[in-house]
Each structure stands twice: as structure tokens, then as C-alpha cells.
Amino acid sequence: MKAVVWAGRNRLEVQDVPDPRILNARDAIVRVTSTAICGSDLHLVDGYIPTVKKGDVLGHEFMGEVVEAGPGVRDLRPGDRVVVPFPIACGACFACEDGLYSLCENSNPNAGMAEKLMGHAPAGIFGYSHMLGGFPGGQAEYVRVPFADVGPVKVDDDLTDEQVLFLSDIFPTGFMGAEMCDIKPGQTIAIWGAGPVGQLAAASAFLLGADRVIVIDRYPYRLERARRTGAEILDYGEVNVLDALRDMTGGRGPDACIDAVGMEAHHPTPAMYAYDRTKQAARMETERPYALREAIMACRNGGVVSVIGVYGGFVDKFPMGTVMNRSLTIRTGQCHVQRYTEPLLGRIRAGEIDPSFVISHRMPLSEAPHAFDLFKHKQDECNKVVLTP
Ligand SMILES: [Zn+2]
Ligand SMILES: [Zn+2]
């Protein structure tokens, strides 16, 4: 089959790789009908997530048709149309029983690798490094889906792929980012990053009752898409974000701040950006955490900082003093997607939201390397790419 393969730092290729097959009783094989490129894939492509190897198949946002199900898969039959959550979860361990699916204790066969870096291991994730299980991803014609009786959510034919594909990651991720803010009526939520996750976090914050949402970015086409959710926008190339947010909130600051940027943030102040960029390039820190630092500084006293942007290792110059002295709460996590698929599918079906508004490009899987280039370099107003095998 054809698949998108990591061939070295900033080198992707569409290659022929072996077809996946059933290895365990609870596996299913899914023929992919739609798959997407995610901002977090970019951290893999440029080599900032450790333990990615040449030949690894990328992709963790995909859906398709079940073509084979192992004997332990109760609910799925060949022919079923499913969206597959990006974290792999057994459904029965301590973490899964608590709804913490991205922390499943049974789905990461390389837990020891992750323990060395992180202390304890999170769940396995499709197409997201060997430390997170080494599972071939969904930017491919076929995928092996472990624990197929737990993750995949069945969808009816009256909804299009584009309406439901993002239940695999970015809609639940944006929604969880907003949910972690404990939004109360009248509140103002600020979001760093007007990419697809930031846009869906903004839409989700309104669904959860936010009065105002303010989205921060520097690309006009991304800010415009965020504005269409009803959000106010700030271009950090034009304004001092901390001053602007203070002015917009009567001097107090936003009630909660969402970091939807993660480890490769840009920075309006050349000196600080150069500091992080240099240390990251020399592999002396893994992150450029500018958005996170600013979100912490901007948040009102006693507020919540919700981190859904991806981080891989260690953050430098972390403003712990302001977190402690101003009673901030930091909440974060890889999304526990399985917890959200059914309720969010319900919201899509009810017409409350159509997440396909984030899509800017539709391309064949064979053009994935070009699609990654457009997305990474923000060319052609590339916001979100859907690939079809
Ligand atoms: Zn993703
Ligand atoms: Zn589990």
C-alpha cells in the first residue's frame, strides 16, 4: 500500500510499505477514506519529537471503512464506517476507567522509552514516534487499529467525511481545551494560535457559554477564520498582546487562556525568539514556549491556563513565580478523544457546529509532501489539508 513516510528531518515521501494485518484479536484493519495533516505532525517532520525513525508512517487523524475485524472485536463489522481517535486505548485499565484515554496503561508497547523522558508513559498514538508506541499512522491506504472495540466511533452515511473526520483529534482537542477553562457565563477566554485547533477551541468556548473569545495570531487568513467563529482577534505583529488584553478586559486579564500553539511558537521580540530558537536548534531545549509564557502572564489572577498545544520535552524560562503568586491553575493533556466522540458527534448531528469550516485544501495522498510544505510554510493560505488515498 501507499503511505506517507518520514525519510529524515524535513523529508517526507509517499512510499510503498507492507499492508497492515491483524496481530491481536481486538485489532481491526481500516481502509482510509480521508486523513488530515495536523500541526502536531510538523513537530515530527522537523525532528523535534524524539524517537521518530526513518520509514515511520505518519498520520493520526483518519477515518474509513472497516475491512477486517479480529475475533475479539464485538461491535464492528466489515463495511462499518468509522472515525478513529488518535490515542490508542484499551478501555479497561486504571486510566481508561477514569476516562483518561490518552493515558491508557496498556496501549504503549514502548512505555520504557517514554518513562526515561517523562517519568511515566502515556498511551500509544498513531503515527507519533516510537516513544508513543511506534504505531504506523493513518496517512496511508490502510491502518491497523488496536483495541478497535473501544476507540472507533461509527458514523452514518448521511454525514460526510469532512463533517466528522475531525472527531479523530482537533475538534475534541479544541473542545477539551475550552472545557478545561471551566467557562462560566460572562467570561472572556483568550486563545493563542488561530490554527485549526485554535479555531475549534474558539467555537467550542462559545458552545460552552463564553461571553467573549479573543484569538491571537499573526497570519491574517488564520485570524479571519477565527473571527468567523465570533471571536475578536489580535495580530501580535501589530499590538503588544499583554497591553491589548489588559485594555480589553478592564485591566484584569482574560478569565482563562488557552495555548493552542505549543513547542514551536514564534515571537515578536527578536532577542527572545533568537534565544529559544538557538537553544532549540542546538537541542539544548526542545521547546520554544513563547505562547505559553505569554498566556501565563496574561491570565487574570486566579484564572486557568489550558494547554493543548503540543510539547515534547523541556521548557526553559518558565514563569513559575507568576503561576504561584497569582494562584493560576494550569490544566493540560493530550486529548482524551474517546470521551468526546459521541457527544461531539451529537453536536454535529444537531447542527450546532460543522467542523469542516477549518478545511482549506483537499489533495490526493500522493501529494502529501507538497501539502506538508504548503501547511508548514503557511503558503496559499493553507489552514487544514484533507488527503484522500
Ligand atoms: Zn492532530
Ligand atoms: Zn487503557
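This report walks through two zinc sites, a few strands, a surface patch and two unusual backbone angles in a predicted model.

## The first zinc site

Let us start with the zinc ion called ligand 1. Four protein atoms act as its donors: SG of C38, NE2 of H60, an OE atom of E61 and an OD atom of D169. They lie 1.9 to 2.2 Å from the zinc ion (ligand 1). The angles among these 4 donor atoms run from 92 to 132 degrees, and the site is tetrahedral. It is tetrahedral because all angles lie between 85 and 135 degrees, the range set for four donors.

How are the donors of the zinc ion (ligand 1) spaced along the chain? The pattern is C-x21-H-E-x107-D. C38 and D169 thus come from distant parts of the chain, 131 residues apart. You can find C38 in the loop between β3 (28–36) and α1 (39–45), while D169 is in the loop between α4 (161–164) and α5 (170–179). Are C38 and D169 buried or exposed? C38 has a relative accessible area of 5%, so it counts as buried. D169 is buried too, because its relative accessibility is 6% and the cut-off for buried is under 20%.

## The second zinc site

Now look at the zinc ion called ligand 2. Its protein donors are the SG atoms of C90, C93, C96 and C104, which lie 2.3 to 2.4 Å from the ion. This site is also tetrahedral, with angles of 102 to 118 degrees among its 4 donor atoms.

Along the chain, the donors of the zinc ion (ligand 2) follow the spacing C-x2-C-x2-C-x7-C. One pair among them, C93 and C104, is 11 residues apart and links distant parts of the chain. C93 sits in the loop between β6 (87–88) and α2 (94–97), and C104 sits in the loop between α2 and α3 (111–118). With a relative accessible area of 7%, C93 is buried. C104 is buried as well, at 1%.

## Strand β13 and its partners

Strand β13 covers residues 256–259. Which way do its residues point? A256 and I258 point one way, C257 and D259 point the other way, and all of them are buried. This fits a general pattern, because side chains in a regular strand alternate between the two faces of the sheet.

β13 runs parallel to β10, and 4 bridges join the two. To see this pairing, find W192, which stands opposite D259 in β13. β13 is also joined to β14 by 4 bridges, and these strands run parallel. Here C257 stands opposite V305 in β14.

## A nonpolar patch on the surface

Next, move to the surface. V315, F318, M320, M324 and I330 form a nonpolar patch there, with about 440 Å² of accessible area together. F318 belongs to the loop between β14 (304–307) and α11 (320–325). F318 has a relative accessible area of 34%, so it counts as partly exposed.

## Two positive phi angles

Which residue in the loop between β14 and α11 has a positive phi although it is not a glycine? It is K317, with a phi of about 50 degrees. K317 is partly exposed, at 48% relative accessibility.

D182 also has a positive phi, near 45 degrees, and is a residue other than glycine. D182 lies in the loop between α5 and β10 (188–192). Its relative accessible area is 42%, so D182 is partly exposed.

Definitions and conventions: Residues numbered from 1 in each chain as written. Chains lettered and ligands numbered in written order. Predicted model: local features only at pLDDT ≥ 70, side-chain atom pairs only at ≥ 80, totals over all residues. Heavy atoms only, no water. Donors = N, O, S within 2.8 Å, 3.2 Å for Na, K, Ca; no water. Tetrahedral: all angles 85-135°; square planar, octahedral: opposite > 155°, others 65-115°. Buried < 20%, exposed > 50% of the residue type's maximum accessible area, 1.4 Å probe, protein only. Patch = residues over 30% accessible without salt bridge, like charges linked within 9 Å, V, L, I, M, F, W, Y side chains within 5 Å. Areas by Shrake-Rupley, 256 points an atom, 1.4 Å probe, with all protein chains shown as cover. Salt bridge = Lys/Arg side-chain N within 4 Å of Asp/Glu carboxyl O. Pairing = 2+ DSSP bridges.
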